[in-house]
Each structure stands twice: as structure tokens, then as C-alpha cells.
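Welcome! Take a moment to look over the sequence and the model, and then let us walk through one helix and the cores together.

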Amino acid sequence: MSLKHAVLGLLADSPASGYDLMKLFNASLSNVWPATQSQVYGELTKLTTAGLAEVAAHGPRGRKEYAITDDGLAELRHWLVEVEPTGHPRHDGLLRIFFLGLVTPLEAQTYLLHQAERAARARAELEHLDETAQWDEDMISVHGRIALEYGLRMSAFQEEWARWAAEEVTGAKARRASELARRRHEPGRPQDESRKERAGRAAED
């Protein structure tokens with residue numbers, strides 16, 4: 001998803017000023033694709049220059065109301081059905097899991113329990129949003145509620161997984177692996193052993 005398509009999507013739902021768009025971002029899209037005021041106004045300028053949006057009305061104090069054009073709607077529909085989502089292949093939090101053996105089991109468990117708490121807080125915030133949002137029958141509300149359900153389910157899964165992993169890193173197998181990893185970096189210990197040699201020593205232990 002790009003900011004361009006987020007703005008086009010909101011304009012496809014209803015013409016809006018830059019101020020209106022920021023209110024919509026904060027109320028609906030911020031959990032998925034946050035944006036600052038300068039980014040939104042800058043994107044509106046780009047869209048009008050490209051002919052994907054246009055100024056549909058002028059108001060007091062220089063207020064401009066923007067609307068999506070036919071070309072903009074065609075671009076939005078093309079993005080929706082023909083462009084493959086990119087996703088986020090890099091995950092800093094999961095990358096760390098591979099190397100938690102370099103810290104003590106207690107430190108590893110503490111890290112994972114912290115992640116569980118973060119997920120629980122995120123879910124609580126989404127639940128509050130679900131309870132307080134003024135859901136109606138327009139496009140953003142109906143489909144936004146579907147997107148919110150993703151966040152609710154994902155945060156619940158992340159908390160459950162992190163608590164499970166916190167137990168795993170204190171198990172006997174993980175403790176042995178952690179001890180071997182940390183032992184390699186003790187003062188005066190050779191650092192150039194091969195993986196095969198380390199595996200052989202682990203089997204002896």
C-alpha cells in the first residue's frame with residue numbers, strides 16, 4: 001500500500017479537504033498506514049498534478065475540497081485488483097529470536113514476555129477503538145471494521161505465541177543451546193571453531 005492509494009481511496013469514498021483527510025486518517029487508517037499532515041497535503045499536490053485528483057470546490061480561508069478523477073479511480077481499481085501486495089518481509093522482532101541464545105534464558109524470557117505485553121496493549125487499544133468508533137454503513141466503516149478484525153486476531157496470536165516462546169526458551173534444550181553459544185565467547189576461549197566441531201562437542205555434552 002502507498003500513501004497515494006490511501007488518499008485516492010478516501011477521495012473515492014467522498015470528496016474531502018486536506019483537513020478532512022487527516023481526520024479520516026486518524027480515525028480509520030492510522031493503525032494500518034499512518035501519515036503526517038505534511039505528507040497528506042504533499043500527496044494531494046502530486047495527485048492533482050498527475051490528474052488523479054482535482055480541486056472540486058473552494059471554501060473560506062483558502063479551503064480546497066478535492067475529488068478523485070476518472071483517471072484516479074482507474075488507478076485505484078488497477079492497484080486494488082492487479083498489483084500484488086508487497087507486505088513486510090523484514091521483521092526486527094523475529095530476527096532477534098534466532099540469537100536469543102547469546103543471552104541468559106531469563107533475559108530471553110523477559111524479552112518475550114515484554115513482546116507479549118506489547119501485543120496485549122495493542123489488542124486493548126484496538127478493542128477500545130472497536131467499542132468507541134462510530135461505525136456506520138459507508139465504505140470506510142464497513143471495510144475498516146474488517147481490517148480492524150485482522151489487527152484484533154493478529155495481536156491475540158502474537159501474545160499467545162510470545163507467551164509460549166517464553167516458556168520454550170527456558171526449557172532444557174534451549175538452555176543447553178544457550179549455554180554452548182555463550183561458552184564460545186568466554187574470555188580466553190578460541191573463537192574459530194567450525195560449526196561441525198561445535199556440534200560434536202554439543203553431542204558429547
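What you see is a predicted model. A good place to begin is with what covers the buried residues of helix α4: the cover includes α1 (3-13) and β3 (64-68). Those buried residues are Gly72, Leu76 and Trp79. Viewed down the axis of α4, they fall within an arc of 65°, so they line one face of the helix. Turn to the other side of α4 and you will find exposed residues: Asp70, Asp71, Arg77, Val81 and Glu82. The helix itself runs over residues 70-82, 13 residues in total. From first C-alpha to last, α4 reaches 18 Å, close to the 18 Å expected at 1.5 Å a residue.

Here are the two sides of α4 next to each other.

| Side of α4 | Residues |
|---|---|
| Buried | Gly72, Leu76, Trp79 |
| Exposed | Asp70, Asp71, Arg77, Val81, Glu82 |

Now for the cores. The largest nonpolar core has 22 residues, and those touching the most other members are Val7, Leu11, Leu21, Phe25, Val40 and Leu44. Two or more residues come from each of α1, α2 (18-29), α3 (37-49), β3 and α4. The most come from α1, which gives six residues to this core.

Which residues is Phe25 in contact with, leaving aside its neighbours within four places in sequence? They are Leu3, Ala6, Val7, Leu10, Ser30, Trp33, Ala35 and Val40.

Apart from the largest core lies another core, of seven residues. Among them are Tyr111, Ala165, Ala166 and Val169.

Note on methods: Residues are numbered from 1 along each chain as its sequence is written. This is a predicted model: local features need pLDDT of at least 70, side-chain atom pairs count only at pLDDT 80 or more; totals for chains, interfaces and linings use all residues. Side-chain values use heavy atoms; hydrogens and water are left out. Helices (H or I, at least four residues) and strands (E, at least two) are DSSP runs, numbered from the N terminus. The expected span of a helix is 1.5 Å times one less than its number of residues. Buried means under 20% relative accessible area, exposed over 50%, partly exposed in between (1.4 Å probe, protein chains only). The arc is that of the directions from the helix axis to the C-beta atoms. Contact means heavy atoms within 4.5 Å. A nonpolar core is a set of buried Ala, Val, Leu, Ile, Met, Phe, Trp, Tyr and Cys residues joined through side-chain atoms within 4.5 Å.
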